[in-house]
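Q: Hi! Could you walk me through the packing in this structure?
A: Happy to, let's have a look together.

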Amino acid sequence: MINVKQLKAIAAFIQKDRSDARGGLTINFDKSEIFACSGSNAILVELVDGLEGKGQTIVPRDVVMSAIVLIGDGYMRASREDFCGIPFEPLTSDLFKDYRSIFTYDDFKLPGRPGLYQSSSMKLLEKLNNEFKGRGEFYLPSSPEKPLILEIGQAEIEPPEDDPDWVSPTEMVKAAIMPLKPSIKNTWNGINVKKKAQ
């Protein structure tokens with residue numbers, strides 16, 4: 001289950017002062033996953049425990065931020081009617097469609113050619129990697145115009161003796177950050193270098 005520090009790291013991907021889907025946390029009850037996107041940065045958490053309901057909904061950012069204060073040492077829970085015990089009116093914006101396509105890896109046979117990424121975006125990834133204890137791996141894009149992807153696997157943690165609500169973590173995290181625009185031109189081409197060496 002997602003604890004308060006993990007929820008805070010996820011909430012950092014929600015865009016402020018928006019009334020559409022970017023201004024909230026999308027919950028897909030059918031797939032047990034949550035998603036947030038600020039435009040240039042996005043996060044998907046799969047196999048989330050503590051979700052009860054069907055379909056999808058969007059929890060407004062202010063409700064998510066209030067939950068971070070209220071749950072203390074507890075864990076995130078959500079239904080169609082409340083988020084961590086807080087009743088809410090879902091955002092009426094259109095839901096994100098095919099958000100999983102954001103986290104599609106490039107062909108690993110191509111050379112990695114990352115762009116230039118904002119330090120604030122890199123800090124989002126660093127925070128996720130600190131709070132989710134599974135193994136983290138970066139997937140480099142094949143073009144400096146494509147996102148850099150961080151994937152964090154399931155964590156293997158010994159259960160604490162003093163937490164009766166604790167359950168073994170199941171969550172898997174995928175996060176993507178877009179490079180600065182316009183991106184710095186990357187002239188290195190590993191394919192051409194390899195051909196010349198043959």
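**Rings and cores**

A: Let's begin with Tyr 99, which counts as buried at 8% relative accessibility. Keep in mind that this is a predicted model.

Q: Good to know. Which residue does Tyr 99 form a stacked aromatic pair with?
A: With Phe 35: the centres are 4.6 Å apart, with 15 degrees between the planes. Phe 35 is in strand E2, while Tyr 99 sits in the loop between strand E8 (86-87) and H3, 64 residues apart, so to speak a link between distant parts of the chain.

Q: And is Phe 35 buried or exposed?
A: Phe 35 counts as buried, because its relative accessibility is 1% and the cut-off for buried is under 20%.

Q: How many aromatic pairs turn up in the whole structure?
A: Two. The other joins Phe 35 and Phe 103, with ring centres 6.4 Å apart and planes at 85 degrees, so this pair is edge-to-face. Phe 103 also lies in the loop between E8 and H3, 68 residues from Phe 35. Both Phe 35 and Phe 103 are buried.

Q: What do the ring pairs add up to?
A: A cluster made of Phe 35, Tyr 99 and Phe 103.

Q: Switching topic: how many residues are in the largest nonpolar core?
A: It has 40 residues, and Leu 25, Ile 34, Met 76, Phe 83 and Leu 128 have the most contacts inside it. Several elements supply at least two residues each, including helix H1 (4-11), strand E2 (33-37), helix H3 (119-131) and strand E11 (172-177).

Q: Which element gives the largest share?
A: H1, with five residues.

Q: Does anything sit apart from that core? I mean, which residues are in the other one?
A: Another core, of nine residues, lies apart from it, and Phe 35, Cys 37, Ala 42 and Ala 176 are among them.

Q: Back to Met 76: what is it in contact with, beyond its neighbours within four places in sequence?
A: Its contacts include Met 1, Ile 2, Leu 7, Ile 34, Val 48, Phe 83 and Cys 84.

Q: Now the backbone. Which residue in the loop between H1 and E1 should I look at?
A: Asp 17. Its phi is near 55 degrees, a positive value in a residue other than glycine. Most residues other than glycine have a negative phi. Asp 17 is exposed, because its relative accessible area of 80% is over 50%.

Q: And what about Leu 47?
A: Leu 47 has a positive phi of about 55 degrees too, although it is not a glycine. Leu 47 lies in the loop between E3 and strand E4 (51-52), and is partly exposed at 40% relative accessible area.

Terms used. Residues are numbered from 1 along each chain as its sequence is written. This is a predicted model: local features need pLDDT of at least 70, side-chain atom pairs count only at pLDDT 80 or more; totals for chains, interfaces and linings use all residues. Side-chain values use heavy atoms; hydrogens and water are left out. A nonpolar core is a set of buried Ala, Val, Leu, Ile, Met, Phe, Trp, Tyr and Cys residues joined through side-chain atoms within 4.5 Å. Buried means under 20% relative accessible area, exposed over 50%, partly exposed in between (1.4 Å probe, protein chains only). Helices (H or I, at least four residues) and strands (E, at least two) are DSSP runs, numbered from the N terminus. Contact means heavy atoms within 4.5 Å. Rings of Phe, Tyr and Trp (its six-membered ring) pair if their centres lie within 6.5 Å; planes under 30 degrees apart count as stacked, over 60 as edge-to-face and the rest as tilted.
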